[in-house]
Amino acid sequence: MSSLILEGFMGSGKSTVAARLSEKLGLPLIDTDAEIERRAGKTISAIFAEEGEEAFRDMETECLKQIRRLQEKEPGDRVISLGGGMPVREENRALLKEIGTVIYLKAEPELLIRRLEKETGSRPMLSGKDLAERVHSLLGEREEAYREAADVVILLEEGEDVAERIRKELRR
Ligand code: S3P
């Protein structure tokens, strides 16, 4: 049918929901952040600190190209969780369309801020700045890219079973 790709801002729960979806549907899971860390042999924080954001963004594009190649070589559906900034590059949005169905986990900024307050340490895009201000401005910059990339938008509500909702909405 089609691979399921989860996009959304940091803290929207992409990785958790993707892991649950992959379990429910019995499909292999790919997490682009984890893939990039594995290939680089270092954490995302270390990549940002040592090589800079642009180098990380290039690694993201390369990661999507490798996923596309993998799909050509070994066809079959997968569940793919993206880093929060992945859909910003137009080239990445075009690659995503070739790879599968993009599901945008859309959340109110307040919900994201509440979740991110507990764990900003590991996210270079949020470090050292006023968290609420940063979330509002970055989300404002990215919203259009998320919407452009999305085939399906899921407006998140706290406490719901998001993986189950996606499964039902996509009849999988
Ligand atoms: C980023 C989000 C992170 C990770 C990197 C950059 C971003 O992924 O890719 O720190 O620019 O929004 P998560 O959305 O999984 O936190």
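This passage describes the ligand in a predicted model and the pocket in which the ligand sits.

The surroundings of the ligand are considered before the pocket as a whole. In the predicted model, the ligand is surrounded by 13 residues, and the closest of these are Lys14, Asp33, Arg57, Arg123 and Arg142. When the residues of this shell are sorted by class, 5 count as nonpolar, 3 as polar and 5 as charged. Oxygen atoms of the ligand take part in several of the polar contacts with the protein, and both side chains and backbone contribute to them. A polar side-chain atom of Lys14 is found 2.7 Å from an oxygen atom of the ligand, and a polar side-chain atom of Arg142 likewise lies 2.7 Å from a ligand oxygen atom. In the case of Gly85, it is a backbone N or O atom that lies 3.3 Å from an oxygen atom of the ligand. The ligand taken alone exposes 390 Å², and 94% of that area is buried by the protein.

The site of the ligand is the largest pocket, for which a volume of about 490 Å³ was computed. The lining of this pocket comprises 28 residues, and those that lie nearest its centre are Met10, Asp33, Gly83, Gly84 and Arg123. Four helices, namely α1 (14–25), α2 (32–40), α3 (44–51) and α4 (53–73), are the elements that each give two or more residues to this lining. By class, the lining of the largest pocket consists of 7 nonpolar, 11 polar and 10 charged residues. Asp33 and Arg123, which are among the residues closest to the ligand, also appear among those nearest the centre of the largest pocket.

Definitions and conventions:
Residues are numbered from 1 along each chain as its sequence is written. This is a predicted model: local features need pLDDT of at least 70, side-chain atom pairs count only at pLDDT 80 or more; totals for chains, interfaces and linings use all residues. Side-chain values use heavy atoms; hydrogens and water are left out. A residue is near a molecule or strand if one of its heavy atoms lies within 4 Å of it. A polar contact is a pair of N or O atoms within 3.5 Å; within protein, one must be able to donate a hydrogen and the other to accept it, and residues adjacent in sequence count only if both atoms are side-chain atoms. Accessible areas come from the Shrake-Rupley method with a 1.4 Å probe; for residues, only the protein chains shown count as cover. On a 1 Å grid over the protein atoms alone, a cavity is a set of points where a 1.4 Å probe fits but cannot get out, and a pocket is an open set with protein on both sides within 12 Å along at least five of seven lines; lining residues have an atom within 4 Å of a point. A molecule sits in a cavity or pocket if more than half of its atoms lie within 2 Å of its grid points. Ala, Val, Leu, Ile, Met, Phe, Trp, Tyr, Cys and Pro count as nonpolar, Asp, Glu, Lys and Arg as charged, and the others, Gly among them, as polar. Grid points are joined across faces, edges and corners, and a volume is the space filled by probe spheres set on the points.
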